[in-house]
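Here is a friendly walk through one chain, with a pocket, a helix and a single side chain as the stops. Please keep the viewer open as you read.

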Amino acid sequence: MAGTADAAGAEGTVGPAGAAGSAGAEATARPEYRIERIGPDDWERLRTIRLAQLLDTPLAFGETHAYALLQGEGNWRARTDWLNEPGRIGLVAVDADDRWVATMLSIPSRKTATVDLIGVWVDPAHRGRERGVADALLDAVIAWAREGGAEWMLLGVHEANDRAAAFYRRRGFTYTGGETPYVLDERARILEMVLPLG
């Protein structure tokens, strides 16, 4: 995974795609935010926030802003469809003005009873531990993963992304010792971290 996280806030129960509902996790934080699931028809909103992510924290993701900018509607619809396949979840934090201000995704891992955490980002204007956005998103993803029977959560963090690594360590993730080259610059490393969910 290549994702960055910063502490920030939200409120709601994660449920059916695109809405608060009953299928799993309660994410509590400041009332000006809510947590929603990315739905199959949210491709335009996903495109907007993805482009913002790639401009803000390019080292946290495995594609460039220039590449994403060239992608058409079919590509973005495929991404939202992919996030709505069984065993996957895409969550967003939505502010009081109905803007998506953060994302966090989880998909099946190659390892047994494990999920990968990916696509983690919080808009700079909504960062900060006191806001609780990243914490609320992670609480919701962890609850969803546990409900699905996962015992471990894995992620990969760029070796230069100290802010994200600090957040993950605060939330209980530890380094496994595993690392892979960063896909956009093989001189850099993506460091693996793990969180037990039991």
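## A pocket beside helix 1

Helix 1 gives the largest share of the lining of the second largest pocket, namely four residues. Bear in mind as you look around that this is a predicted model. The pocket itself has a volume of about 150 Å³. Besides helix 1, which spans 43-56, strand 5 (100-108) also supplies at least two residues of the lining.

Which residues line the second largest pocket? They are Arg45, Thr48, Ile49, Ala52, Arg99, Trp100, Val101, Trp121 and Asp123. By character, this lining divides into five nonpolar residues, one polar and three charged. If you wonder how such spaces are found, rolling a probe the size of a water molecule over the atoms shows where empty space is left.

## Arg50, a buried charge

Stay with helix 1 a little longer, as Arg50 is found there too. Is Arg50 buried or exposed? Its relative accessible area is 16%, and because the cut-off for buried is under 20%, Arg50 counts as buried.

What does the Arg50 side chain make a polar contact with? Its partner is the side chain of Glu63, at 2.7 Å. Leaving out residues up to four places away in sequence, Arg50 touches Phe61, Glu63, Trp76 and Arg79. Glu63 therefore appears both as a polar partner and in the list of residues that Arg50 touches.

## The buried side of helix 5

Now move along to helix 5, residues 162-170, where Ala164, Ala165, Phe167 and Tyr168 are buried. These four lie on the same side of helix 5, because they cover an arc of only 160° around the axis. An α-helix has 3.6 residues a turn, so residues three or four places apart point the same way.

What do the buried residues of helix 5 pack against? The list holds strand 6 (114-122), helix 4 (133-147), strand 7 (152-158), strand 8 (174-182) and strand 9 (185-196). Just after helix 5, have a look at Gly172, which takes a positive phi of about 105°.

## The chain as a whole

Stepping back, the chain has five helices and nine strands. Along the sequence they follow the pattern β-β-β-α-α-α-β-β-β-α-β-α-β-β.

Of the 198 residues in the chain, 49% are buried. Among contacts between residues at least 6 apart in sequence, 63% join residues at least 24 apart.

Terms used: Residues numbered from 1 in each chain as written. Predicted model: local features only at pLDDT ≥ 70, side-chain atom pairs only at ≥ 80, totals over all residues. Heavy atoms only, no water. 1 Å grid on protein atoms, 1.4 Å probe; cavity = no way out; pocket = protein on both sides within 12 Å on 5 of 7 lines; lining within 4 Å. Points joined across faces, edges and corners; volume = space filled by probe spheres on them. Nonpolar A, V, L, I, M, F, W, Y, C, P; charged D, E, K, R; others polar. Buried < 20%, exposed > 50% of the residue type's maximum accessible area, 1.4 Å probe, protein only. Arc of directions from axis to C-beta. Contact = heavy atoms within 4.5 Å. Polar contact = N/O pair within 3.5 Å; in protein donor to acceptor, adjacent residues only side chain to side chain.
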